[in-house]
Amino acid sequence: MSFVKMRLSNQLTVLVNEAHAAPVASFWVWYRVGSRNEHLGITGISHWVEHMLFKGTPTFPKGEAEKAIAREGGVFNGMTFYDFTTYFATLPADRIGLSLRIEADRMVNSLFDPVEVAAERTVVISERQGSENDPEFLLNEELMAAAFRVHPYGTDTIGYLCDLKVMTRDQLYTHYRTYYTPNNALAVAVGDFDADEMLRLIEEYFGDIPEGPQVPSMTAVEPPQRGERRVTVEGEGNVAYLQMAFRAPTVHEPDFFALTVLDAILTGASGLAFFGGGTTNKSSRLYKALVGGELATQVSGSLLPTVDPFVYGLSVVVRTGHTSAELEEVLDVELARMAVEPISSRELAKAIQQTKAQFVYSSESVTGQALWLGFSEVFADYNWFEDYIANLSAVTVEDVQRVARTYLKRSNRTVGWYVPERCA
């Protein structure tokens with residue numbers, strides 16, 4: 001047995017994969033809760049709760065879990081996003097049981113001490129205020145709020161300052177007890193171990209945890225967009241920024257893979273997840289047109305896998321002496337070209353190859369493999385990860401032109417300008 005997927009009696013989903021290239025193992029617990037499960041009044045609560053699980057239990061007081069992992073030569077962290085909150089540790093394979101013990105413990109025994117809640121309020125508010133010093137954050141926040149008028153994807157994971165100032169310990173603890181349960185969780189282990197033995201350990205540590213209450217459903221569906229939307233943000237600085245968000249297909253549609261290839265052609269291949277590679281995008285169309293044309297200093301694209309339909313994003317840093325209006329004109333020409341002129345077979349092959357390379361890079365370590373298996377299971381299932389390269393390879397020239405015509409339309413986009421005060 002090398003790979004197995006199963007479900008414990010308390011409804012905890014388990015994915016285990018043997019990988020014997022190195023004597024290490026990575027263990028993750030994913031909770032299907034993020035900013036997608038929030039509403040006005042509690043925005044940022046999932047991120048704050050994630051922080052609180054590092055503040056101790058009776059068995060592992062504050063800081064002790066991190067010290068225990070560090071003593072064994074491991075790494076230990078967590079993160080929150082739109083659709084999930086996850087925690088992981090990567091350790092020498094014969095020490096991975098420590099991670100299981102920590103995660104099972106804090107799934108049920110995290111303290112949420114009022115003093116620690118108060119201290120962490122200062123931390124998350126400081127994080128929010130730090131983000132507000134970044135013009136790109138400010139612009140993206142307004143852009144996403146305009147792009148999503150119903151769905152919670154329009155709110156950043158950090159949440160709004162007004163909510164962070166008044167959220168209570170009881171609200172945080174209720175969120176924890178509602179979503180941090182086996183029936184809403186996924187355990188993933190990848191590494192140099194015997195799969196049967198790992199399953200036995202997961203059952204030992206997690207099997208007796210109560211299933212938990214029924215998880216509240218999120219039923220918001222973003223209505224169709226009926227025309228271009230625009231936002232302008234004015235603020236401090238000397239640099240202008242341009243962003244676009246196009247309503248995009250779900251990961252379950254073949255168009256997602258065609259749009260992935262289109263993005264590689266426009267802005268360069270990306271890793272899609274959180275441990276992406278670092279290849280250059282200097283041969284991409286928009287780099288040549290905008291950066292090569294000395295109109296911009298940077299251009300990037302973003303297409304993220306999510307549970308519900310999301311957006312394909314473009315972001316441009318405007319070179320001093322130019323304006324967002326100038327860059328938008330050039331950008332529009334390049335996007336229209338994608339829709340009316342078929343790409344060459346050589347350009348297609350290069351884009352697919354670069355995207356494959358990024359995918360392989362981001363999943364070559366046991367940590368990356370565990371991330372991809374869990375991440376895929378959250379928004380689809382692990383087969384999405386397994387079939388990624390095959391689905392990418394199936395994209396044709398016609399597919400790329402079709403998605404360009406379908407999604408890169410003015411009526412399907414939200415455009416944002418950040419205008420520095422010198423230009424306001």
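**Exercise 1. A network of charged side chains**

Task: Starting from the network of salt bridges that links Glu228, Arg230, Glu328, Asp332, Arg410 and Arg413, work out what Glu228 contributes through its contacts with Arg230 and with Arg413.

Solution: The model is a predicted one, and a search of the whole structure finds 24 salt bridges in it. Step one takes the pair formed by Arg230 and Glu228, whose side chains meet in a salt bridge at 3.1 Å, N to O. Arg230 has a relative accessibility of 40% and therefore counts as partly exposed, while Glu228, at 31%, likewise falls in the partly exposed class. Step two turns to Arg413, whose side chain meets that of Glu228 in a salt bridge at 2.7 Å, N to O. Arg413 belongs to strand β11 (residues 413–420), whereas Glu228 sits in the loop between α8 (195–206) and β7 (229–235), so this pair ties together parts that are 185 residues apart in sequence. Step three adds the surroundings of Arg413, which is buried, with a relative accessible area of 2%.

**Exercise 2. A salt bridge inside a helix**

Task: Determine how Arg402 and Asp399 are placed along helix α16, and decide for Asp399 whether the residue is buried or exposed.

Solution: The two residues form a salt bridge in which the closest N and O atoms are 2.8 Å apart. Both lie in helix α16 (residues 397–407), and because they are three residues apart there, about one helical turn separates Arg402 from Asp399. For the second part, the relative accessibility of Asp399 is 18%, and since buried means under 20%, Asp399 counts as buried. Arg402, with a relative accessible area of 29%, is partly exposed.

**Exercise 3. An open sheet**

Task: Establish the strand order of the open sheet of five strands, and identify which strands are its edge strands.

Solution: The order is β7-β11-β8-β10-β9, and the pairing is mixed. The edge strands are β7 and β9 (296–303), each of which pairs on one side only. From one strand to the next, the twist averages 10°. At the β9 edge, seven bridges join β9 to strand β10 (residues 311–318), and these two strands run antiparallel; within β10, Val318 is the bridge partner of Ala296.

**Exercise 4. The surroundings of strand β3**

Task: Explain why strand β3 is described as largely enclosed, and find which strands it pairs with in the antiparallel sense.

Solution: Strand β3 (residues 24–31) has seven of its eight residues buried, so the rest of the structure largely encloses it. Its pairing with strand β5 (residues 85–92) is antiparallel and extends over eight bridges, with Tyr31 standing opposite Thr85 in β5. Strand β6 (residues 185–191) also pairs with β3 in the antiparallel sense, over seven bridges, and in β6 the bridge partner of Phe27 is Ala189.

**Exercise 5. The largest cavity**

Task: Given that the count comes to four cavities of 30 Å³ or more, describe the largest cavity by its volume and its lining.

Solution: The largest cavity holds about 80 Å³ of space. It is lined by 16 residues, of which Leu53, Gly56, Phe60, Ala65 and Arg106 are the closest to its centre. The elements that give two or more residues to this lining are α2 (64–71) and α3 (97–109). By residue class, the lining of the largest cavity divides into seven nonpolar, three polar and six charged residues.

Key
Residues numbered from 1 in each chain as written. Predicted model: local features only at pLDDT ≥ 70, side-chain atom pairs only at ≥ 80, totals over all residues. Heavy atoms only, no water. 1 Å grid on protein atoms, 1.4 Å probe; cavity = no way out; pocket = protein on both sides within 12 Å on 5 of 7 lines; lining within 4 Å. Points joined across faces, edges and corners; volume = space filled by probe spheres on them. Helix = DSSP H or I, 4+ residues; strand = E, 2+ residues; numbered from the N terminus. Nonpolar A, V, L, I, M, F, W, Y, C, P; charged D, E, K, R; others polar. Salt bridge = Lys/Arg side-chain N within 4 Å of Asp/Glu carboxyl O. Buried < 20%, exposed > 50% of the residue type's maximum accessible area, 1.4 Å probe, protein only. Pairing = 2+ DSSP bridges. Axes fitted to C-alpha atoms, helices over the stretch in contact; angles between N-to-C directions.
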